[in-house]
There are 2 protein chains.
Amino acid sequence: MLSKPTIGFAGLGAMGSGMAIHLVKAGGFTVYGYDVSAAQLKAFVDSGGHAAETPCELASHADVLISMVADAAQNTSLLFDDDNGAVKGLGSGKTIVLCSTTAPEFVSELRARLDAPSVGRSDIRLVDAPVSGGALRAAEGTLSIFAAGADDDVKGVRAVLDCMAECLYCMGALGDGMRAKTVHQLLAATNIISAAEGMGLAANVGLNTQAVYEHVCESDGASFMFENRVPHMLQGEWQARSALAIILKDTGIVTGAARLLHQPTPLASAAEQSYLRGVRAGLLRDDDARLVQLYLPPTQGDLVARMTQADRMMASSHQVSKATVVDLLAGIHLAAAVEAMAFCQALGVDRAIMCEIITKAAGGSRVFGEVIPGMLKADQWSLADCPQAAEYRDRLADAVDRCRDIRYPCHMAATALQQFHLADLAGKVVANTSRSER
Amino acid sequence: MLSKPTIGFAGLGAMGSGMAIHLVKAGGFTVYGYDVSAAQLKAFVDSGGHAAETPCELASHADVLISMVADAAQNTSLLFDDDNGAVKGLGSGKTIVLCSTTAPEFVSELRARLDAPSVGRSDIRLVDAPVSGGALRAAEGTLSIFAAGADDDVKGVRAVLDCMAECLYCMGALGDGMRAKTVHQLLAATNIISAAEGMGLAANVGLNTQAVYEHVCESDGASFMFENRVPHMLQGEWQARSALAIILKDTGIVTGAARLLHQPTPLASAAEQSYLRGVRAGLLRDDDARLVQLYLPPTQGDLVARMTQADRMMASSHQVSKATVVDLLAGIHLAAAVEAMAFCQALGVDRAIMCEIITKAAGGSRVFGEVIPGMLKADQWSLADCPQAAEYRDRLADAVDRCRDIRYPCHMAATALQQFHLADLAGKVVANTSRSER
């Protein structure tokens, strides 16, 4: 493609609109947009984009058709709708770039459907290129993008992807981008709910939540998700920057893919249960940071925000401190990091690239960056093979004990601790001090 | 049906062969059998049955076609296979009785497929009648059967079902039998792995496992699954009476149905994770009691059997006793019982009938029978609404503490304890003693 390709962009939601506008303003691309919401489409036009009335019209303008609609069902409708599906409008040899997060199988199913005699569009090129980073990085063109497909097809859209990405990874054959995203979302899923678990603990015992936030960010309890989501809690601001619905869908993709592989993912599974409880509590459309309310007394849903000023005087019987919150998060992050890399291996994704991706993307954590690179040569991924496991286990066990003393629900921490105990059972983790000796 | 119907029986596995032979010997029915295994078919013929070579031939003999094949995929193949599918052979107005456990949706999909113009067999009657009780009760004709379908259709096969059942429940419209079985399997799934968790604990600390077994059976830690599966552990006998593959499939049906309803099922989900670990450990085709090995040191897979003679001298630092095992099981059983009834409500299954079913079937436990009948008038199902919760919580917390002291992995108990803490957070459970005061 010698001249600048014209882009069709479907799905102008929180992230999609930022990406599309960035392609216009920073990339200088001609971008047509489509969204079922007229308001979203108007906002895009006001920012310099062009409007398309239907997916079919959108595709008719496009050299590159980018989809950021929410899920597989919306993509199927977007592309194959009887009356106005995009595939009908797309010119010969043009490229679909699937940026939505879907199950990895969906990518191969989509390729097969394009190739099937009933559709007969094997001329259409397909690249899977799921993204990570959130709305802010979408708008700044600094996303992480995991692209995969035939070499020529990826090369053909590289300039477009480069414009949206700070970190562009070329993962391999079609579907490998989505597989990488699935591994990544295991960590996104566990780290979002863990941030809620940690801050809920701090608020419950009357710690200064602002001070805890700052302390954790400088500690080995830090993670991208903690740094990103906790400010929403501190402000008590629940309008969705990333809705529970999205991480719930992604978590289902993780646990679904794991089930197909017979791969245990206990922390992702525990996270999914908490997300389901969030749905039951009516939070589906709210920011996922609001999950912290699952950890707060029912009448004190704004407790994290109210506790930003000063430590409340508490009965001194408990011993939960800032350090407890750090210990709890660091332990979960280590167990989740190992779980994610075992899942990565089961999915057949390159572990070294995945390690680099996670370190720089929204699934990253301080612990991941410090521990996982040193384990990359391992044949199998287990806490039993992690030299630092005993230290994190003891700190986590101590944190879980303190939660237990005040009857604080810590499903993620408790599940993570069980993974360390399983590693102990395998007999490889050196016994350390018991609580009474600490 | 005035004369005795002729039965076609597909799926002569561990349970199916017992059911089919019982229909011949105790029921006096003429029964044709079909199985992909020639050995199973021969054993059936040796016991007085007739052999059919194909599903189509089987159906051609049958007034009532009973399917006990393993899952939805096998049923689809059995019924609709191009060359020799059973539907082709089945006479006009005959009845299919689906005794396999499948997802509830499969029943309505099957009805729709029979009715579809391409198949055109709306004359065929369909009853879903999943069963519970295991191979022994199958052979004795004392199963629990959950039948559903049009009144006349159920009535038409009632004599056949009665022959196989000690407890025959008529659940309602087509699919309601499978929904009831799904609720029931939530408890089967949690109770099987909990029995392993309890006995693994006993063996790890050197208790006499035979004595623990007998003690638990007389305590409120007792359950059908504990009484049924632990003898396999005590004998170290792992030939599948009920294979891990079966409960793994059923657990997936539970968590899949729960996900569709956005209904949290944390204990079923934790159980599923342990079953996946069992698959990873190579146990898919073994008896599900072998899951106890997940709780034992890697080189001591026969520890439960070896510990049946006498207490081994152990370091006295831990305080795990028979009572600890009981407390652990009773707490899990209560949390699982409440989880199952909330799931029952979400699925729209009659709670009073379900309560009666579970009490008498393989999902039953002492705690279920003692607590749930008193909660049947509740609007919603939560541990917060359970008057006995505080007592069970404190006993469970104590057991989890003791496991923690010896770093024993107790994923089910830890997950259950979190459910009590969540109920505490709702502020309704009266605070009781903390450990230091006990």
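**Helix α6 and the A–B salt bridges**

Q: How far does helix α6 of chain A reach from its first C-alpha to its last?
A: Helices here are DSSP runs (H or I, at least four residues; strands are E, at least two), numbered from the N terminus. Helix α6 covers residues 104–115 of chain A, 12 residues in total. The expected span is 1.5 Å times one less than the number of residues, and that comes to 16 Å, close to the reach of 18 Å.

Q: What sort of model is this, and how are its residues numbered?
A: It's a predicted model, where local features need pLDDT of at least 70 and side-chain atom pairs count only at pLDDT 80 or more, while totals for chains, interfaces and linings use all residues. Side-chain values use heavy atoms, with hydrogens and water left out; chains are lettered from A and ligands numbered from 1 in the order written, and residues are numbered along each chain's sequence from 1.

Q: Over what arc do the buried residues of α6(A) lie?
A: Buried means under 20% relative accessible area, exposed over 50%, and partly exposed in between (1.4 Å probe, protein chains only). In α6(A), that label goes to A:Pro104, A:Phe106, A:Val107, A:Leu110, A:Arg111 and A:Leu114. They sit on the same side of α6(A), because the arc they cover around the axis (taken from the directions from the helix axis to the C-beta atoms) is only 165°.

Q: By what turn can chain B be laid on chain A?
A: The copies are superposed by least squares on C-alpha atoms of residues with pLDDT of at least 70 in both. The fit has an RMSD of 0.1 Å, with a shift of 0.1 Å along the axis and a turn of 180°. That's the relation of a two-fold axis.

Q: Which residue of chain A does B:Arg407 meet in a salt bridge?
A: A salt bridge needs a side-chain nitrogen of Lys or Arg within 4 Å of a carboxyl oxygen of Asp or Glu. B:Arg407 counts as buried at 17% relative accessibility, and its partner does too, at 8%. The N to O distance is 3.3 Å, and the partner is A:Asp394.

Q: Which helix of chain A holds A:Asp401, the salt-bridge partner of B:Arg404?
A: B:Arg404 and A:Asp401 meet at 3.3 Å, N to O, and both are buried. B:Arg404 lies in helix α19 of chain B, so the pair joins two chains, with A:Asp401 in helix α19 of chain A.

Q: Is B:Arg290 buried or partly exposed?
A: B:Arg290 forms a salt bridge with B:Asp286 at 2.9 Å, N to O. B:Asp286 is buried, at 19%. B:Arg290 has 21% relative accessibility, so it counts as partly exposed.
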